[in-house]
Amino acid sequence: MDKKRQIAIFTTASLPWMTGTAVNPLFRAAYLAKDGERIVTLVIPWLSLKDQKLVYPNNITFSSPAEQETYVRHWVDERTGFKSDFGILFYPGKFSLDKRSILAVGDISERIPDEKADIAILEEPEHLTWYHHGKRWKIKFQLVVGIVHTNYLEYVRREKNGRMQAFLLKYINNWVVSIYCHKVIRLSAATQDYPKSIICNVHGVNPKFLEIGKKKLEQQQNGIQAFTKGAYYIGKMVWSKGYKELLDLLRDNQKELTGLEVDLYGTGEDSDQVQETAKRLELAVRVHPGRDHADLLFHDYKVFLNPSTTDVVCTTTAEALAMGKIVVCANHPSNEFFKQFPNCRTYDNGDGFVKLTRHALAEEPAQLTDAQRHELSWEAATERFLRVTELDQEFTRKLSKSPTKNFMSASLGLSSSMEGASAYVHHVASGFEATRRIFGAIPKSLQPDEEQCKELGLPIPAVSGHAYLATEESKSSGVEG
C-alpha cells in the first residue's frame, strides 16, 4: 500500500510507573515506528496531581502533559539507542485505590480524530472497555487488536468470594472484548481464554538486558568467572507475585537446601509480612528494597528463582535470561515461551525445585546464541506481532457479496446484528452512574472533570449523551462490527 497505516496504541498506564502496561506498549510504539513504514501514536493516561502522588514513585510528578511526554521520550530513547519517531497523546484517567489500577475517564477513542482512525491496539482490552461509554471501537477503527496482558481471573480468585467474582468477571471480559475487538492476542495460555484468540508472546526485553548478557558472554568466552553470586528473586513485594510460593518452597525443603542463600528484592504492600516470614526460616533469606533489575547489583547473580504463577509472561524472567542467567521457574503456561532457552529450568513440585536449584548453583549457564538473543529482543517481538496481526496486509470489514455464499452472508449478518445489540446494551448500561458504580467504576468517571479538561486542552463537556448511538448503529448497518 502506498498510504501508510496509522496505528494508535491505547494503554492503561504510563511511566514513571514501572508496570508492564506502561513499559511494553512504549517499546511496541518505538519499534513499530522505527522503520518509518507506519504512523504510530501512543495514547496514555494523564493523572491529576493528587493521583500522580499515589501512583508514581520517588515523588515524581508532572505539571503538564508536555513535561511527562519529555520524560517518557527520554526514557525510551535512552534504552533503545535510537530516536523514537511516534506521537504521544494523553487521555484523562483516574486511579482506583481498590483495583490499584488507572481507569479511563470518558470516551478515550475520541483522542484519535475520525479521519485518522485506522488501526487501534488496545493493551489490556478488557480493562480499557469495562466502563467504555462512547463510540464503538469496531465502528470507529478499521481494525481493533486487543493484547491481553493480565491474568485477572487468577488475581480475583485470591480475594474474598474470589471464585464467584472470577466467574462473573470471566463473562464480563468475554463480553466486552468480543464486542470491541476484531482480533485478540494472548501473551500466553495463562490468561483467560477468549474465542478466536491467538497465543503469541509479542513482548521483548529492554535492550539494556541484552547488552548486559553480551558482556557476560564475553567474560565466559575469555575464561573469566562471570557469575559470582548465588540465587535471587525480584518483583513487586505482594504475596500474589510469587513470594508466597517461594517462601513455602524454601520452608518445606530447608533440610534439602541447607546452605542455600537467597536475596529477595521488592517493594510493596506485603513487604513487612514477607520480611517476618523470611526471618522464621533456617535458611539465609535476605529481604531488600526494590531496585531496577538492570542495576549493577544484579549482574553477578547466577540463578533467578521465580515460582510465580500469576504472571502471563514474566518480564523479569525474560530479563534474567537475556542477562545470561539460569532461571528456575514453575512448569506453568506463563513460562511456555521461555522453555526454548537452555537456561530455563522448569519444575513440577517441591522435589523438582530442590533438584533444579541445586544443579543450577553448581553449574555454569549455557552461552546464548545470536538467534536465541534475537528471539528475546523487541525486534523479534515486533516481527511476531506483525505476523499474527497481519497489519501490513490489506484489511477490510466488508462481507463477501458473492451469490454463492448467500447463507454464509446471512449468518454473518445475523451475527453482526446480535453483536450490535450486545454493544448497544453495554453502551446504555455504561451510561448510568448507578450501573457503573455497581460494577466498580470510579464515581463521576463518565466524563472528565473540568480540571482534567483544562490540563489536556479538551472541551468541557456540557451533557452526557446517549443519543449518538442511534446514528452510529444505523451507519454500521450491514457492516461487520
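**Exercise 1. Burial of helix 11**

Helix 11 has Thr316, Thr317, Ala318, Glu319, Ala320, Leu321 and Ala322 buried. Work out how enclosed this helix is in the predicted model, and what covers it.

*Solution.*
1. Fix the cut-off: buried means under 20% relative accessible area.
2. Take the extent of the helix, residues 315-322.
3. Count: 7 of its 8 residues are buried, so helix 11 is largely enclosed by the rest of the structure.
4. Find the cover. Among the helices it includes helix 8 (207-221) and helix 13 (370-376). Among the strands it includes strand 9 (229-234), strand 12 (301-306), strand 13 (326-330) and strand 14 (344-347).
5. Check what follows the helix. Glycine 324 comes after helix 11, with a positive phi near 90°.

**Exercise 2. Positive phi outside glycine**

Compare the settings of glutamate 124 and glutamate 390. Is each one buried, partly exposed or exposed?

*Solution.*
1. Read the backbone angles. Phi is about 70° at glutamate 124 and about 55° at glutamate 390. Neither residue is a glycine.
2. Place glutamate 124: the loop between strand 5 (119-123) and helix 4 (125-129).
3. Place glutamate 390: the loop between helix 14 (378-389) and helix 15 (406-429).
4. Apply the cut-offs. Glutamate 124 has 3% relative accessibility and therefore counts as buried. Glutamate 390 has 38% and is partly exposed.

**Exercise 3. A cis peptide bond**

Locate the cis bond that leads into proline 16.

*Solution.*
1. The bond runs from leucine 15 to proline 16, with omega near 10°.
2. Proline 16 sits in the loop between strand 1 (5-10) and helix 1 (20-33).

**Exercise 4. The surroundings of aspartate 77**

Which residues does aspartate 77 touch beyond four places in sequence, and with which side chain does its own side chain make a polar contact?

*Solution.*
1. Place the residue: aspartate 77 belongs to helix 3 (residues 65-80).
2. Check its cover. Its relative accessible area is 15%, so aspartate 77 is buried.
3. List the contacts: Phe82, Lys83 and Ser84.
4. Pick out the polar one. The side chains of aspartate 77 and serine 84 make a polar contact at 2.8 Å.

**Exercise 5. A nonpolar patch**

Which residues make the nonpolar surface patch of about 460 Å², and how accessible is tyrosine 171?

*Solution.*
1. The patch consists of Met164, Phe167, Leu168 and Tyr171.
2. Tyrosine 171 lies in helix 7, which spans residues 162-180.
3. Recall the geometry: an α-helix has 3.6 residues a turn, so residues three or four places apart point the same way.
4. With a relative accessible area of 49%, tyrosine 171 is partly exposed.

**Exercise 6. Alanine 429**

Describe the position and contacts of alanine 429.

*Solution.*
1. Alanine 429 is part of helix 15.
2. Its relative accessibility is 27%, so alanine 429 counts as partly exposed.
3. Leaving out neighbours within four places in sequence, alanine 429 contacts Thr435 and Arg436.
4. Add one long-range distance. Serine 96 is 333 residues away along the chain, and the two C-alpha atoms are separated by 20 Å.

**Exercise 7. Confidence along the chain**

Where does pLDDT stay under 50, and what is its mean for the chain?

*Solution.*
1. Start with the whole chain. Mean pLDDT is 87, and 91% of the residues reach 70 or more.
2. Take residues 395-412. Their pLDDT stays under 50, and the model gives them 16 contacts beyond four places in sequence.
3. Take residues 464-481. Here too pLDDT stays under 50, with 32 such contacts.

Technical notes. Residues numbered from 1 in each chain as written. Predicted model: local features only at pLDDT ≥ 70, side-chain atom pairs only at ≥ 80, totals over all residues. Heavy atoms only, no water. Patch = residues over 30% accessible without salt bridge, like charges linked within 9 Å, V, L, I, M, F, W, Y side chains within 5 Å. Areas by Shrake-Rupley, 256 points an atom, 1.4 Å probe, with all protein chains shown as cover. Salt bridge = Lys/Arg side-chain N within 4 Å of Asp/Glu carboxyl O. Helix = DSSP H or I, 4+ residues; strand = E, 2+ residues; numbered from the N terminus. Buried < 20%, exposed > 50% of the residue type's maximum accessible area, 1.4 Å probe, protein only. pLDDT = per-residue confidence, 0-100. Contact = heavy atoms within 4.5 Å. Polar contact = N/O pair within 3.5 Å; in protein donor to acceptor, adjacent residues only side chain to side chain.
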